[in-house]
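Biologist: Please take a close look at the internal cavity of this model and tell me what surrounds it. A word on a residue at the start of the chain would also help.

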Amino acid sequence: MQTRVAVMSIILNDSERAGEVNALLHAYNEYVIGRMGIPYRQKGIYIISVAVDAPQDAISALSGKIGRLSGVSIKTAYSGFVSGGENEAPR
């Protein structure tokens, strides 16, 4: 199975959605490499960065589910690296 490395940038304008975002990230935790949350108190928003290594369809599904939440914005940046693919580094 091929996987891709990507970084998801999530901005919560509504802190009430934090539990829903965390539940979705937990549901996909097998793919999460790491995450960092930054509360920007002066602006009343929360910024979350999540690095994942997952199949393309799992990344798209997670991004779509998070993006459909009211008060939440998400953008995903993909690396050119595909594991299990032809450009995978030898081990």
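Modeller: In this predicted model, strand E3 (45-54) and helix H2 (56-67) each supply at least two residues of the lining of the largest cavity. Helix H2 gives the largest share of that lining, with 3 residues. The lining as a whole is made up of Tyr 28, Tyr 31, Val 52, Ala 54, Ala 58, Ile 59 and Leu 62. By class, these lining residues come to 7 nonpolar, with no polar and no charged residue among them. The volume of the largest cavity is about 30 Å³, and the count of cavities of 30 Å³ or more comes to 1.

Ala 54, one of the lining residues, leads to the start of the chain, where Thr 3 touches Ala 54. Thr 3 sits in strand E1, which covers residues 3-12. With a relative accessible area of 11%, under the 20% limit, Thr 3 counts as buried. Leaving out residues up to four places away in sequence, the contacts of Thr 3 are Asp 53, Ala 54, Pro 55, Phe 81, Val 82 and Ser 83. Two of these contacts also involve polar pairs between side chains: the side chain of Thr 3 makes a polar contact of 2.7 Å with that of Asp 53, and another of 2.2 Å with the side chain of Ser 83. Thr 3 is thus a buried residue with side-chain polar contacts to Asp 53 and to Ser 83, and it also touches Ala 54, which belongs to the cavity lining.

Methods:
Residues are numbered from 1 along each chain as its sequence is written. This is a predicted model: local features need pLDDT of at least 70, side-chain atom pairs count only at pLDDT 80 or more; totals for chains, interfaces and linings use all residues. Side-chain values use heavy atoms; hydrogens and water are left out. Helices (H or I, at least four residues) and strands (E, at least two) are DSSP runs, numbered from the N terminus. Buried means under 20% relative accessible area, exposed over 50%, partly exposed in between (1.4 Å probe, protein chains only). A polar contact is a pair of N or O atoms within 3.5 Å; within protein, one must be able to donate a hydrogen and the other to accept it, and residues adjacent in sequence count only if both atoms are side-chain atoms. Contact means heavy atoms within 4.5 Å. On a 1 Å grid over the protein atoms alone, a cavity is a set of points where a 1.4 Å probe fits but cannot get out, and a pocket is an open set with protein on both sides within 12 Å along at least five of seven lines; lining residues have an atom within 4 Å of a point. Grid points are joined across faces, edges and corners, and a volume is the space filled by probe spheres set on the points. Ala, Val, Leu, Ile, Met, Phe, Trp, Tyr, Cys and Pro count as nonpolar, Asp, Glu, Lys and Arg as charged, and the others, Gly among them, as polar.
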